[in-house]
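User: I'd like to practise reading charged and polar side chains in a model. Could you walk me through it, with the general idea before each case?

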Amino acid sequence: MADIEAQTERSKRSAGPAMPLPDQTVLLLQGGGALGSFQAGVFQGLSELSIPLTCVAGISIGAVNAALIAGNPPEKRLEALTTFWNMVSGGMPNFVLPEDNRVREGAHIAAAATVASFGVPGFFRPHWVPPGWSPAGSEASISYYDSAPLAETLNKLVDWDLLNDGPMRVAVGAVDIETGNFQYFDTRSDDDPVRIDARHIMASGALPPGLPPVEIDGRHYWDGGLVSNTPLGYILDTQGNEDTLIFQVDLFPARGQLPRRMTDVWAREKDIRFSSRTRAVTDQYLRLRQDHEAMRKLLDRLPEDMQDEPEVKALRERVAESAVNVVQLVYRTRAWETGAKDFEFSRSTMLDHWHQGHDALCRSIDKGDILAHNIADGKTDAFDLVD
């Protein structure tokens, strides 16, 4: 943990912010492989600021981080995240590199090539028999890597009883391979609560063709990011009647610069593909909620003798919603990163991602006056306070 503590010491906090908190505080974690240490840095900032979480939801690596958070008591959560990220970034030498983008890019590509060749400790390892030479239908015939190490890691670092029975709601998403339908495994679902174990977390991150599908109760699942890489819509649809503050952590920026080199094309294509049009989805949901808020105000102005009309009652029920405020924390791609950034697990890059997440959360809270007023007044809006 020493490396991570040293990386964030200059911006470390110890006291909670002077901010009112609503009934629910939710952490949403997008998929993004090695970029997931950015989410760990965000969580460190939340922990230092004593901002409690009532729900954590994730896709792919976001599901892994969600399990590490919810599957540990508050005083052990950062330790579990640190253990995991130190483990998966420990498979190659840790070099201090000069601040030169071309040198960093070369080291970045070399580290990604090492991962592609040898896998990631505690996460996945190569099948030593090529898919074309393996028996049809076997894991080795439909994936390049074996994800069994991740099951061992999760079972070692996660208390599944605490995750399922503790105070924090957990939801992770995956895709049913045969139907193509998106499936959320939610410990607090009103319709179908699920008791989550390592299989559900691994299913959420089983990105083909790298990782094999995961079987759960006779169904086979792939990475949820194939359909949607952010849980925002699902959480808003299942929010209930409580005011909610959401910290949405996105690992692929929807906006970016025009590529100038082929490595830029590779990186930008992946950003667009996995960002799930985050800003557009957020704006769409919040516009709808703001429209509903306006309709509620209009209904309140109707004469008293109209309030009991069936049409008025039905419309009021349809637009009844609680306030939602979304803080968007988006990873900003470094100039030296390529499309390999989601499977480049070197220690120096992991620490860079972690620090950027920690810094983004702290800077957002520093500029959070408008957010605090919105929470206090019960308003709905979205904020990118470090854009």
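User: Which side chain meets that of aspartate 271 in a salt bridge?

Analyst: Happy to help; keep in mind that this is a predicted model. The general idea is that side chains of opposite charge can pair when their charged atoms come close. Here the partner of aspartate 271 is lysine 341, with an N to O distance of 2.6 Å. Aspartate 271 belongs to helix H10 and lysine 341 to the loop between S10 and H13, so this bridge ties together parts that lie 70 residues apart in sequence.

User: Are aspartate 271 and lysine 341 buried or exposed?

Analyst: Both of them are buried. For that label, the relative accessible area has to be under 20%.

User: What does the side chain of lysine 270 meet in a salt bridge?

Analyst: Lysine 270 meets the side chain of aspartate 342, at 3.0 Å from N to O. Lysine 270 sits in helix H10 (residues 262–274), while aspartate 342 is in the loop between strand S10 (324–330) and helix H13 (347–366), so the two tie together parts that are 72 residues apart in sequence. Lysine 270 and aspartate 342 are buried as well.

User: How many salt bridges does the structure hold?

Analyst: There are 15 salt bridges in the structure. One of them joins the side chains of arginine 195 and aspartate 161, with N and O 3.1 Å apart. This pair links distant parts of the chain, 34 residues apart: aspartate 161 is in helix H7 (residues 160–165), and arginine 195 is in the loop between strand S6 (182–186) and helix H8 (198–204). Salt bridges can also form a network, as they do among Asp161, Asp165 and Arg195.

User: Why is arginine 195 called partly exposed?

Analyst: The partly exposed class runs between the buried limit of 20% and the exposed limit of 50%. Arginine 195 falls there because its relative accessible area is 46%.

User: Where do negative charges gather on the surface?

Analyst: Look at the patch formed by Glu304, Asp305, Asp308, Glu309 and Glu311. Among them, aspartate 305 lies in the loop between helix H11 (278–300) and helix H12 (310–318). Aspartate 305 counts as exposed because its relative accessible area is 64%.

User: Now for an uncharged residue: which backbone oxygen does the side chain of serine 134 reach?

Analyst: The side chain of serine 134 reaches the backbone oxygen of proline 130, at 3.1 Å. Serine 134 is in the loop between strand S3 (125–126) and strand S4 (145–146), and counts as buried because its relative accessibility is 12%.

Terms used
Residues numbered from 1 in each chain as written. Predicted model: local features only at pLDDT ≥ 70, side-chain atom pairs only at ≥ 80, totals over all residues. Heavy atoms only, no water. Patch = residues over 30% accessible without salt bridge, like charges linked within 9 Å, V, L, I, M, F, W, Y side chains within 5 Å. Areas by Shrake-Rupley, 256 points an atom, 1.4 Å probe, with all protein chains shown as cover. Salt bridge = Lys/Arg side-chain N within 4 Å of Asp/Glu carboxyl O. Lys, Arg positive; Asp, Glu negative; His and termini not counted. Charge placed at Lys NZ, Arg CZ, Asp CG, Glu CD. Helix = DSSP H or I, 4+ residues; strand = E, 2+ residues; numbered from the N terminus. Buried < 20%, exposed > 50% of the residue type's maximum accessible area, 1.4 Å probe, protein only. Polar contact = N/O pair within 3.5 Å; in protein donor to acceptor, adjacent residues only side chain to side chain.
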